[in-house]
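Trainee: Please help me take a close look at a single part of this model, and then follow the chain outward from there.

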Amino acid sequence: MEYSIQQLSRLSGVTTRTLRWYDEIGLLKPSRVAESGYRYYSGAEVDRLQDILYYRALGVELAQIKECLDNPSFDRLAALRSHLTALETEQRRLQALIRSVKDTIRAQERNEIMSDAQKFEAFKERVVAHNEQTYGAEIRAKYGDEQVDAAHAAVMGLTQAQYEEWSNLGQEIQNRLEDAVQAGLSPQSKEGQAITDLHRRWLTVTDNRYDPAKHRGIAELYVADERFTAYYDRQVPGCARFLRDAVRYWAK
């Protein structure tokens, strides 16, 4: 079946302006353009638009979507399965937060005291779900399902005190990275060593087994993967590279 741009817009909920933009950037080309200039789309383009919308729902940038879909090795079935996993993970995260809010409301209404475990369970699940959705494919490819699942289980097994320590260490690392970069310090300085030690402590809160090579490998991801870089550089550019270089030098 063939759709005009107006018909495809009504079918998908995507505006005609957006469809024209997708055409201009090469993300979604019509199957043909009539002499009148009207764009028409066939079943293949409908499927591609569906794939685009799935990726957009997961927060993937347009340029990255185009790169994925245009890759000759793109496997649509595998991508759909990956989308399903990410959506189910997000669903579990939301369900956990809903349960937590309901428990809090119920406790307030009944003047009951929630246990600390109840308060923090949903937040731990949120951390695991976010990491799986954002970095799951890469870290599973690099370290294997067993190791990643064990890391997630370790987070879920944190006590309230351990969870607070883990969160506080993460914030302290970020603060000291920003201060070090702004001060123009070297990753090989004593402050670089101190930040590396903090990062080691942050890693071992959830895993008592420390492996310097693994530590260095994780730090490399902070520069190799733009999402990690964006996280550490969100306020001060250069933090991810400083951390990578510090860990590379000090983690022995």
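Trainee: Where does F74 lie, and between which two helices?

Mentor: F74 lies in the loop between α4 (62-70) and α5 (76-109), where helices (H or I, at least four residues) and strands (E, at least two) are DSSP runs numbered from the N terminus. Before we go on, keep in mind that this is a predicted model, in which local features need pLDDT of at least 70 and side-chain atom pairs count only at pLDDT 80 or more, while totals for chains, interfaces and linings use all residues. Residues are numbered from 1 along each chain as its sequence is written, and side-chain values use heavy atoms, with hydrogens and water left out.

F74 counts as partly exposed, at 25% relative accessibility; on this scale buried means under 20% relative accessible area, exposed over 50%, and partly exposed in between (1.4 Å probe, protein chains only). Not counting residues up to four places away in sequence, F74 touches D51, Y55, C68, L69 and A79, where contact means heavy atoms within 4.5 Å.

Two of these partners of F74, D51 and Y55, lead us into helix α3, where they are among the buried residues together with E45, R48, L49 and I52. These buried residues cover an arc of only 160° around the axis, which puts them on the same side of α3; the arc is that of the directions from the helix axis to the C-beta atoms. Helix α3 (residues 43-57) has 15 residues, which at 1.5 Å a residue should span 21 Å, and the end C-alpha atoms are 21 Å apart, in agreement; the expected span is 1.5 Å times one less than the number of residues. After α3 comes G59, with a positive phi near 85°.

L49 of α3 also belongs to a core of 16 residues, which includes L8, Y22 and V60 as well; a nonpolar core is a set of buried Ala, Val, Leu, Ile, Met, Phe, Trp, Tyr and Cys residues joined through side-chain atoms within 4.5 Å. That core is separate from the largest one, which has 30 residues, and in which L177, I195, Y222, Y232 and L243 touch the most other members. The elements giving two or more residues to the largest core are α6, α7 (145-156), α8 (160-182), α9 (190-205), α10 (212-224), α11 (226-232) and α12. Y222 is a good residue to click on, with contacts, beyond four places in sequence, to H199, W202, F228, T229, Y232, A240 and L243. In soluble globular proteins, nonpolar side chains tend to be buried together.

Helix α7, one of the contributors to that largest core, has V148, H152 and V155 as its buried residues. They cover an arc of only 55° around the axis, which puts them on the same side of α7. In helix α9 you will find T196, which is buried with a relative accessible area of 3%; leaving aside neighbours within four places in sequence, T196 is in contact with H215, A246, V247, W250 and A251.

G238, in the loop between α11 and α12, counts as partly exposed at 29% relative accessibility. Leaving aside neighbours within four places in sequence, G238 is in contact with V181 and D233, and the C-alpha atoms of G238 and A180 are 9.9 Å apart although the two residues are 58 residues apart in sequence.

Now turn to the start of the chain, where S4 lies in strand β1 and counts as buried at 13% relative accessibility. Not counting residues up to four places away, S4 touches R39, Y40 and Y41. The open sheet has 3 strands in the order β1-β3-β2 with antiparallel pairing, where two strands pair if DSSP finds at least two bridges between them. The edge strands β1 (3-4) and β2 (32-33) each pair on one side only. Strand β3 (residues 39-41) is joined to β2 by 2 bridges, and the bridge partner of R32 in β3 is Y40.

Finally, consider the confidence: the protein chain averages a pLDDT of 85, with 93% of the residues scoring at least 70, and pLDDT is the predictor's confidence in each residue, from 0 to 100. Among the elements of the chain, helix α6 (residues 116-143) has the lowest mean pLDDT, 69, and helix α12 (residues 239-250) the highest, 96. Where pLDDT is low, the predicted coordinates should not be read in detail.
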